[in-house]
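Trainee: Could you take me through one part of this model closely? I would like to look at the disulfide and the strands around it.

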Amino acid sequence: MTRTAAKRVHSEQFPWQPKRFQRYTEKNRGSAAIEFILVFIVIFLLFYGMVGYTLPILLSTTYQEIASESLREAVDLHFVADHDSEIDIPDYVRQLIEYSWIPSKWVETCPGFNESFLNRHDGIWRVCLRHSHPESIIPPLRFFDWQIPTLPNEIRGEAVIRIH
């Protein structure tokens, strides 16, 4: 189809458009795709940033809640159970943490906790769990000097109680 035939078909399809606009659309056919790509990149970065900043906050809150609940259960088991029975409270706390919704790869013991999530010393009971590499959960995007999202060094939840 020749150029004049295309103009005639275009003017027959859209008789309400002025000829000035028809010339503009013929010259700028690929600009819509370029604009779409630029807008898509901005929207994607905004969405990735929102998810990337909220996920560590969600995990931090979850780790804190799991630590608190595990410590409550451990103290409850300590006072309710027979003192003659052979109940392994640190193993019970480990099972509670394993049965939570967090994958086992994301949960580590804190330093100084001897391969157990529960530490009992001088009447002070502590439950601590952490994730030392948040970048493995949501990898940050790097553009020049920018990093989206900026993640903490570790995500941690800890609960402490003193038992007299």
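Mentor: Happy to; here is a walk from the disulfide out to the strands. This is a predicted model, in which local features need pLDDT of at least 70 and side-chain atom pairs count only at pLDDT 80 or more, while totals for chains, interfaces and linings use all residues. Residues are numbered from 1 along each chain as its sequence is written, and side-chain values use heavy atoms, with hydrogens and water left out.

The structure holds one disulfide, a term used here for a pair of cysteine sulfur atoms within 2.5 Å. Its partners are Cys110 and Cys128, whose sulfur atoms lie 1.9 Å apart. The torsion about the S-S bond of Cys110 and Cys128 is about -65°, so the disulfide is left-handed. The pair links distant parts of the chain, 18 residues apart: Cys110 sits in the loop between strand 1 (108-109) and strand 2 (118-121), and Cys128 belongs to strand 3 (residues 124-131). Strands here are DSSP runs (E, at least two residues), numbered from the N terminus.

Cys110 and Cys128 are both buried, where buried means under 20% relative accessible area, exposed means over 50% and partly exposed is in between (1.4 Å probe, protein chains only). The strand that carries Cys128 is itself mostly covered, since six of the eight residues of strand 3 are buried.

Now for the neighbours of strand 3. Two strands pair if DSSP finds at least two bridges between them. Strand 1 is joined to strand 3 by two bridges, and the two run antiparallel; here Glu108 stands opposite Arg130 of strand 3.

Strand 2 also runs antiparallel to strand 3, with four bridges joining them. His121 has Ile124 in strand 3 as its bridge partner. The hairpin of strand 2 and strand 3 has two residues between the strands, and in this hairpin Asp122 takes a positive phi near 55°.

Strand 6 (residues 155-162) is another partner: eight bridges join strand 3 to strand 6, again in an antiparallel arrangement. His131 stands opposite Ile155 of strand 6.

To put it together, follow strand 3: strand 3 holds Cys128, the disulfide partner of Cys110 in the loop between strand 1 and strand 2. Strand 3 is bridged to strand 1, to strand 2 and to strand 6.
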